[in-house]
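Here's a walk through this fold, from the overall make-up to the ligand surroundings. Have the structure open as you read.

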Amino acid sequence: MENYSKKHFCYLPFEGFTVDPRGKAIPCPAWTDNPDMMFADLRTGNETINDIFHGKKMSSMRKMMSRDQKVEACSVCYRKESKGLLSQRIKVARRKRVQKQLQTLFEDVDNKFLKVEHKPKIKSLELNFSNQCNLACAMCNHTHSSGWLKQEQTMPTHIRKLRDAYPGFLAGVPFEQYILKRNFVDSIIDNIEGLEQIMIKGGEPLYDKNCLYLLEALTKVKPDIKIIIVSNITHVPQRTLDIFAKLQNLNINASIDGVGKTYEWVRGFDFAKINENYQMLSQLPNIKRLDVNMCTSIYNIHNVMDTINHFLKYFKLNYKKSDGTLDKKYSFAFGFAGEPWSDQGILLDEDKQDILKTFKRDITKLVDQHIFNEQQLQDAMRLQFAPSHMMLGNKELDKWRKMFYDYVVWMNTVRGFDLRSISKPVDNLMRMYD
Ligand SMILES: C[S@@+](CC[C@H](N)C(=O)[O-])C[C@H]1O[C@@H](n2cnc3c(N)ncnc32)[C@H](O)[C@@H]1O
Ligand code: SF4
């Protein structure tokens, strides 16, 4: 276990604010579902951003944190840290330190008196404007995507039961339509001054009228604010491009979970069209960053290097600055699917070893050529096989592998072609259960 000087303090509740895909106001995306720690329900309530951030509930939680006391709703971070995994708490603390030595993390946090920089002030927002989405990606669910409602009508009952009983994610929560209210969006615009960054997810943000309303308002009140949009980039009409053209610090995380047939199985959308949209966005000069964001899962882990190689021509366009650091417009980021039936960690050990060997060999070459950095190599090696079943305990492995088998058989009927024919590791695992 890593030895950090603060066990429970986290910077996020002092400067961050999240509206999750169910319209719940929480301090950070890793926050667990503890009713005492739910700060507001924006589906029903009419609170503004200030009412919540400076309200009693959030203030008393910050008080506990500043004394380094345990906060129950942060259990996901504590659990990850106890397993030696990178928690949201530590990721945020690391971003604050240039030198990332563990002992220096949190050194500016005083136990008794918070220094000025840790007085609460919203600097970064993470907004999920709605759960409306045009896709139903294999690793996603109806909490994030209304597209899943239609798709799951044919889902076999036994898969649905297992999925709904899984405690670690939001999949089992019944679908409720959520659209962020205009008064809340207006309260963000009214309090824009100190805000440094807004990250927008969903649902699909580029399908969302409220998202475009906020972006358009930002073009007038703060066009240089850092905006990060996590999008499937399936729908980028001219009106959206006109708004983009007026924003000065626009960063797009394009969620592209593979190339060719693998992408199409995972996302159920035409890869050629996505490729075209990515290329079109790459030609917009005012987009600061255009990352390929790959949510790795058991469905696409075989396709990581093909995906990196496909987009390599963009990554090569980053250039080296005079101080030796890279000026990055294009990059590749790994995420990983959190549910055990979608988790690459349930693959056969031989296949995992082969995949890791390839990552090590091929990504190291990219690091040597300064196209990728050490962190990306580490993410590929460590995060890819830090599976949720390790957090739950190995005994359930067989259960989740069986569920994975049935899930793939069902999704093959939805997509109209067989994942086994395009993924050797998937085929190897499924053979065990034929
Ligand atoms: C829920 S999506 C919403 C934004 C947008 N629709 C998109 O796909 O980018 C936000 C991010 O979550 C990732 N994601 C989807 N399902 C996930 C899962 N089961 N576990 C972890 N991340 C997931 C997506 O790949 C995407 O990068
Ligand atoms: S596009 Fe995004 S929100 Fe929609 S189903 Fe896919 S991952 Fe989920």
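## Strands and pairing

Two strands pair if DSSP finds at least two bridges between them. In this predicted model, strand 5 (residues 197-201) and strand 6 clear that bar, with four bridges joining them, and they run parallel. To pick out one of those links, look at isoleucine 200, whose bridge partner in strand 6 is isoleucine 229.

Zooming out, that pair belongs to an open sheet of nine strands, ordered 3-2-1-4-5-6-7-8-11, with mixed pairing. Which strands stand at the edges? Strand 3 (40-41) and strand 11 (332-336) do, and each has a single partner strand, so one side of each has no neighbour in the sheet.

## The chain as a whole

The protein chain has 18 helices alongside 11 strands. Of its 434 residues, 38% are buried. As for contacts with a separation of 6 or more, 72% of them come from residues 24 or more positions apart.

## Helices to look at

Helix 13 (residues 304-315) lies across strand 8 and strand 11, and runs at about 175° to strand 8.

Then there's the pairing of helix 14 (residues 349-368) with helix 15 (residues 374-382): they pack at an angle of about 175°, and their axes are 10 Å apart. Angles over 145 degrees count as roughly antiparallel, so that is how helix 14 and helix 15 sit relative to each other. On the helix 14 side, the contact uses Leu356, Phe359, Lys360, Ile363, Thr364 and Val367, while helix 15 brings Glu374, Gln376, Leu377, Ala380 and Met381. Sorted by class, the contact has seven nonpolar, two polar and two charged residues.

## Around the ligands

What surrounds ligand 1? There are 17 residues, and the closest are Cys140, His144, Ser255, Cys295 and Ala337. Strand 6 (226-231) and strand 8 (287-296) are the elements that give two or more residues to this shell. By class, the shell around ligand 1 splits into six nonpolar, eight polar and three charged residues.

Ligand 2 has 13 residues around it, with Cys133, Cys137, Cys140, Ser145 and Asn232 coming nearest. The shell around ligand 2 is made up of five nonpolar, seven polar and one charged residues. Cys140 is worth a click, since it turns up among the closest residues to ligand 1 and also among the nearest to ligand 2.

Conventions: Residues are numbered from 1 along each chain as its sequence is written. Chains are lettered from A and ligands numbered from 1 in the order in which they are written. This is a predicted model: local features need pLDDT of at least 70, side-chain atom pairs count only at pLDDT 80 or more; totals for chains, interfaces and linings use all residues. Axes are lines fitted to C-alpha atoms, for helices over the stretch in contact, and angles run from 0 to 180 degrees between N-to-C directions. Angles under 35 degrees count as roughly parallel, over 145 as roughly antiparallel, 65 to 115 as roughly perpendicular and the rest as oblique. Two residues are in contact if their C-beta atoms, placed from the backbone, lie within 7 Å. Ala, Val, Leu, Ile, Met, Phe, Trp, Tyr, Cys and Pro count as nonpolar, Asp, Glu, Lys and Arg as charged, and the others, Gly among them, as polar. A residue is near a molecule or strand if its C-beta atom, placed from the backbone, lies within 6 Å of it. A residue is buried if 20 or more other C-beta atoms lie within 10 Å of its own, exposed if 12 or fewer, and partly exposed in between; C-beta atoms are placed from the backbone.
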